[in-house]
Amino acid sequence: MTKESSHAMPGIGTGTGTGAIPGAGTGAHRVVVIVDENSNPFELGCASEIFGLHRPEIGRDLYDFRLCSPEPRTVMRDGFFTLTGVAGLEAADTADTLIVPNRPDVEVPRRPAVLDAVRRAHARGARLIGLCSGAFTLAEAGVLDGRRATAHWQWADSFRSRFPSVRLEADVLFVDDGDILTAAGSAAALDLGLHVVRRDHGAEIANFVSRRLVFAAHRDGGQRQFVERPVPDLPDESLAPLLAWAQERLDSPLTVSGLAARAAVSAATLHRRFQAQLGTTPLAWLTGERLALACRLIERGESRFEVVARRSGLGSAANLRRLMRRETGITPSAYKRRFGPDAA
């Protein structure tokens, strides 16, 4: 990069993921990011951090990561810097997962060559990811017709008017529609990236990556894009102590009323604080934490699903199976085959 200016579990989440990694069995899964003129540096950084960094602590690289561009020199957003030395657009034809360009000038048409690369990738079964305004690129390529997607709330009206055949969900963090995934605003690129790692490599690896990022391990895609009060007005209204206390006791019979009593507030007040600070409900948060723990227990080798259900607070193996199928699209047995210690 050269400076030329002074001046973001198989199928886990709200989607319909198949659980299969495109390109699996043919070597490292290749993630390719198309960078085009005026692309946003933040989302590029998120993709590079999650998919591109070598992680020797894990013992293997999770992805084969590449950047490509239709031009030898690509001026990034607002001329912050110029990107050089990356592959040409033909690299997009080798992608198992293709991340499309995003940029703030959403009304300007994308390059025909970029749109053609997106269509070719979709036609051969590659997974497509649009971060923030990347949903406009996917929609302009025609691959989102009749599909679910999200985009930044600021551009929801513009998106709907231009692409009425797309089922836009404008108030969620990200949408997993199987082979096409879209994230809302900039920080949601991290949420979606970790969701993809969890979908491809399991909860334990996703937790490791999130710890390296010093970022929340799991925010469900259905959470709202923005919350009423991101920073509490009063320190004693922060949910952090309560969440830490609950995470140490997931195998206990925790309830919303019990959490409210622990926080010394009414259940209604607790609901308001969860919506304001986390954009979700206490029950949805608790279920998500318990499912994530169940996945980690299976990955660590616990094959007795009654034990997994009890230790994660999900009660019974039947409840574990029901919730895992609902949230991940696969059964505990299928999860064990893919992510357990005996997985290939």
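## Close-up views of a predicted model

**View 1. Alanine 309 and the residues around it.** Leaving aside residues up to four places away in sequence, alanine 309 touches Leu314, Gly315, Ser316, Ala317 and Leu320. This is a predicted model, so treat every close-up here as a look at a prediction. Alanine 309 itself sits in helix H11. Is alanine 309 buried or exposed? Alanine 309 is buried, and its relative accessible area is 0%. Arginine 290 is 19 residues away along the chain, yet 8.8 Å separates its C-alpha atom from that of alanine 309.

**View 2. The whole protein, for orientation.** Before going further in, here is the overall layout: the protein has 13 helices and eleven strands. Of its 344 residues, 54% are buried. The surface that the protein exposes comes to about 15000 Å², and carbon and sulfur atoms supply 53% of that area.

**View 3. Helix H1 and its buried face.** Helix H1 spans residues 41–52, and its buried residues are Glu43, Leu44, Cys46, Ala47, Ile50 and Phe51. Looking down the axis of H1, you find these buried residues within an arc of 160°, so they line one face of the helix. What lies over them? The cover for the buried residues of H1 includes four strands, E1 (30–34), E2 (64–69), E6 (97–99) and E7 (127–131). Helices H5 (188–201) and H6 (203–213) are also part of that cover.

**View 4. The largest cavity.** Here we zoom in on an enclosed space, the largest cavity, with a volume of about 80 Å³. Its lining is made of 13 residues, and Val33, Ile34, Leu44, Val100 and Asn102 are the ones nearest the centre. Leu44 also belongs to the buried residues of H1 from the previous view. Which helix gives the most to the lining? That is H1, with three residues. E1 and H1 each supply at least two residues of the lining. By type, the lining divides into nine nonpolar residues, three polar and one charged.

**View 5. Helix H6, largely enclosed.** Eight of the eleven residues of H6 are buried, so this helix is largely enclosed by the rest of the structure. The buried ones are Ala203, Ile205, Ala206, Asn207, Phe208, Val209, Ser210 and Leu213. They pack against H1, H5, H10 and H13. You have already met H6 among the elements that cover the buried residues of H1.

**View 6. Helix H13 and its partners.** Helix H13 covers residues 332–339, with Pro332, Ala334, Tyr335 and Phe339 buried. These residues take up an arc of only 160° around the axis, which puts them on the same side of H13. Which helices do they pack against? The partners are H5, H6, H10 (282–299), H11 (305–311) and H12 (317–328). H11 is the helix that holds alanine 309 from the opening view.

**View 7. Two loop residues with positive phi.** Most residues other than glycine have a negative phi, so the next two residues are worth a look. Asparagine 38 is not a glycine, but its phi is positive, about 70°. You will find asparagine 38 in the loop between E1 and H1. With a relative accessibility of 18%, asparagine 38 counts as buried, because the limit for buried is under 20%. Cysteine 132 is not a glycine either, and its phi is positive at about 60°. Its place is in the loop between E7 and helix H3 (134–140). Cysteine 132 is buried too, with a relative accessible area of 5%.

**View 8. Aspartate 96 and arginine 30.** Aspartate 96 is in the loop between strand E5 (87–88) and E6. Aspartate 96 counts as buried, at 15% relative accessibility. How far apart in space are aspartate 96 and arginine 30? Their C-alpha atoms are 5.2 Å apart, although 66 residues separate them in sequence.

**View 9. Threonine 255 and leucine 283.** Threonine 255 lies in the loop between helix H7 (240–247) and helix H8 (256–262). At 38% relative accessibility, threonine 255 counts as partly exposed. Leucine 283 is 28 residues from threonine 255 in sequence, and their C-alpha atoms are 7.8 Å apart.

Notes
Residues are numbered from 1 along each chain as its sequence is written. This is a predicted model: local features need pLDDT of at least 70, side-chain atom pairs count only at pLDDT 80 or more; totals for chains, interfaces and linings use all residues. Side-chain values use heavy atoms; hydrogens and water are left out. Buried means under 20% relative accessible area, exposed over 50%, partly exposed in between (1.4 Å probe, protein chains only). The arc is that of the directions from the helix axis to the C-beta atoms. Contact means heavy atoms within 4.5 Å. On a 1 Å grid over the protein atoms alone, a cavity is a set of points where a 1.4 Å probe fits but cannot get out, and a pocket is an open set with protein on both sides within 12 Å along at least five of seven lines; lining residues have an atom within 4 Å of a point. Grid points are joined across faces, edges and corners, and a volume is the space filled by probe spheres set on the points. Ala, Val, Leu, Ile, Met, Phe, Trp, Tyr, Cys and Pro count as nonpolar, Asp, Glu, Lys and Arg as charged, and the others, Gly among them, as polar. Accessible areas come from the Shrake-Rupley method with a 1.4 Å probe; for residues, only the protein chains shown count as cover.
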